[in-house]
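Work through the exercises below with the sequence and the model side by side. Try each task before reading its solution.

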Amino acid sequence: MNRPRMDARDYTIQLRQAMRQYLPRQGLPLMGKGRWSDRILVTTILLMVFSSLGSLQDRFAEGRSAVVKMYSSRRRPGQTYAGFIGQLTRHSTRLLELVAQALRQRMICRAGASWKVGRHLAFGVDGSKSDAPRTTANRRGLKIGGKRKSGPQQLLVTLLHLGTGLPWAWRRGEATASERGLLLTLLGVLPAGTLLVADAGFIGYAWGRSILGAGHQILVRAGNNVRLLQGLGGRVRTKGNLVYVWPEAVQRRGDEPLVLRRIILVDSRNRRMCLLTSLSEAELTIEEARELYRRRWGIEVFFRGLKQTLSRRKMLSDSPAHAGVELDWTMAGY
């Protein structure tokens, strides 16, 4: 029996139906006052993320063409990339929050047994740099965070759900921004009682106290001796498997020390690794800590997929505002 051929209209209808599963059901109207309604804006930028073409203008033309076919009975959107990115930039913060909330809710519904890793609701955190064109505006607005000859960049800090390997939230800043500071702005979107799993660059007294104060827990890699532990943020003392971080300024204020439990892991090559956690032995066993930190490697794989598989190592926008919007929606699409 001969199968009917699937034309472009059939494909775009299926694409629209597939994307509808993940976009918000409310707050993202298809109809608008101008050429660009909220839903058409979001659909177009997400299709641009999936494009393999080499320029923003070409990606826009490809995405717009698909949107016109997906919504053939609707008013045609604007034809210029400048008009599109201007409209998206004005509404990006609001639209991105709507989409991110919908994606997080979808993840909760779909995760099932993978919502937790054993007993723990765990999220990995790490930062990565995203390159931007060497325009004067980008150099001034995004800064240069690497070597003198490097170009402008954005710092991207991401929370990865360790049960599913999916991104939960992210925050971007200029190249010289603080990874710890960007992470602290994300604490409000974490579910209650989250265990944050991080690499050595994040740990510090103020950082740890802020996370614990927000009702979360930490598991962080650190140096395995007192000299290396000094990077935690002041005077450090150890007693058995406990580490006390208590900077002098904090002592003078009468604040409590940051007390963490030290876990030493040894691999098959007899290499030692030190982890620090706010959880007791009853709350987190050594084997649980080993498995959780092993899963933290997934965030490195995530960044590699973003930069290599998706070919988004570098944003293409020539201004800081547009480069930020481009990076935000690249993460949403990915």
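The exercises go from the whole chain to single strands and residues, and the model is a predicted one.

**Exercise 1. The whole chain**

Task: How many helices and strands does the chain have, and what percentage of its residues is buried?

Solution:
- Start with the secondary structure. It comes to 12 helices and nine strands.
- Go on to burial. Of the 334 residues, 47% are buried.
- Look at the contacts with a separation of 6 or more. Residues 24 or more positions apart account for 60% of them.
- Take the extent. The C-alpha atoms fill a box of roughly 70 × 55 × 40 Å along the principal axes.
- Finish with the surface. The accessible area is about 17600 Å², and carbon and sulfur atoms hold 50% of it.

**Exercise 2. Charges**

Task: Count the positive and negative side chains, and find how far apart the centres of the two sets lie.

Solution:
- The chain carries 55 positive side chains and 24 negative ones.
- The centres of the two sets are 4 Å apart.

**Exercise 3. Cysteines**

Task: How many disulfides does the chain have, and are C109 and C274 buried or exposed?

Solution:
- A disulfide needs two cysteine sulfur atoms within 2.5 Å. The count comes to zero.
- C109 has 58% relative accessibility, so C109 is exposed.
- C274 has 1% relative accessibility, so C274 is buried.

**Exercise 4. Strand β2 and its partners**

Task: Which strands pair with β2, and in what sense?

Solution:
- Take β1 (residues 122-131). Nine bridges join β1 to β2, and the two run antiparallel.
- Find one register point on this side. G124 stands opposite L160 of β2.
- Take β3 (residues 166-174). β2 and β3 pair over eight bridges, also in the antiparallel sense.
- Find a register point here too. T158 has W170 of β3 as its bridge partner.
- Check the connection. β2 and β3 form a hairpin with four residues between them. G165 in that turn has a positive phi of about 80 degrees.

Task: Sort the side chains of β2 by direction, and say whether they are buried or exposed.

Solution:
- In a regular strand the side chains alternate between the two faces of the sheet.
- Q153, L155, V157, L159 and H161 point one way.
- Q154, L156, T158 and L160 point the other way.
- All of these residues are buried. That is nine of the nine residues in β2.

**Exercise 5. Strand β7**

Task: Which residues of β7 lie on its covered face, and which on its uncovered face?

Solution:
- β7 spans residues 242-245.
- V243 and V245 form the covered face.
- L242 and Y244 form the uncovered face.
- Now add the partner strand. Four bridges join β7 to β8 (residues 258-266), and the two run antiparallel.
- In β8, L260 is the bridge partner of V243.

**Exercise 6. Positive phi outside glycine**

Task: Where do K143 and N270 lie, and what are their phi values?

Solution:
- Most residues other than glycine have a negative phi.
- K143 has a positive phi, near 70 degrees. K143 sits in the loop between α5 (136-142) and β2 (153-161).
- With 32% relative accessibility, K143 is partly exposed.
- N270 also has a positive phi, near 65 degrees. The loop that holds N270 runs between β8 and β9 (272-277).
- N270 has a relative accessible area of 60%, so N270 is exposed.

**Exercise 7. Two buried positions**

Task: Is L23 buried or exposed, and which residues does L23 touch?

Solution:
- Place L23 first. L23 is in the loop between α1 (8-20) and α2 (38-50).
- Apply the cut-off. Buried means under 20% relative accessible area. L23 has 7% relative accessibility, so L23 counts as buried.
- List the contacts beyond four places in sequence. L23 touches L28, R39, V42, T43, L46, V99 and A102.
- Check one distance. L23 and E97 are 74 residues apart in sequence, with 11 Å between their C-alpha atoms.

Task: Which residues does G63 touch, and is G63 buried or exposed?

Solution:
- G63 is found in helix α3 (residues 56-70).
- The relative accessible area of G63 is 3%, so G63 is buried.
- Beyond four places in sequence, G63 touches T44 and L47.
- S51 is 12 residues from G63 along the chain, and their C-alpha atoms are 7.7 Å apart.

Technical notes
Residues are numbered from 1 along each chain as its sequence is written. Side-chain values use heavy atoms; hydrogens and water are left out. Buried means under 20% relative accessible area, exposed over 50%, partly exposed in between (1.4 Å probe, protein chains only). Two strands pair if DSSP finds at least two bridges between them. Contact means heavy atoms within 4.5 Å. Accessible areas come from the Shrake-Rupley method with a 1.4 Å probe; for residues, only the protein chains shown count as cover. Lys and Arg count as positive and Asp and Glu as negative; His and the chain ends are not counted. The place of a charge is taken as NZ of Lys, CZ of Arg, CG of Asp or CD of Glu.
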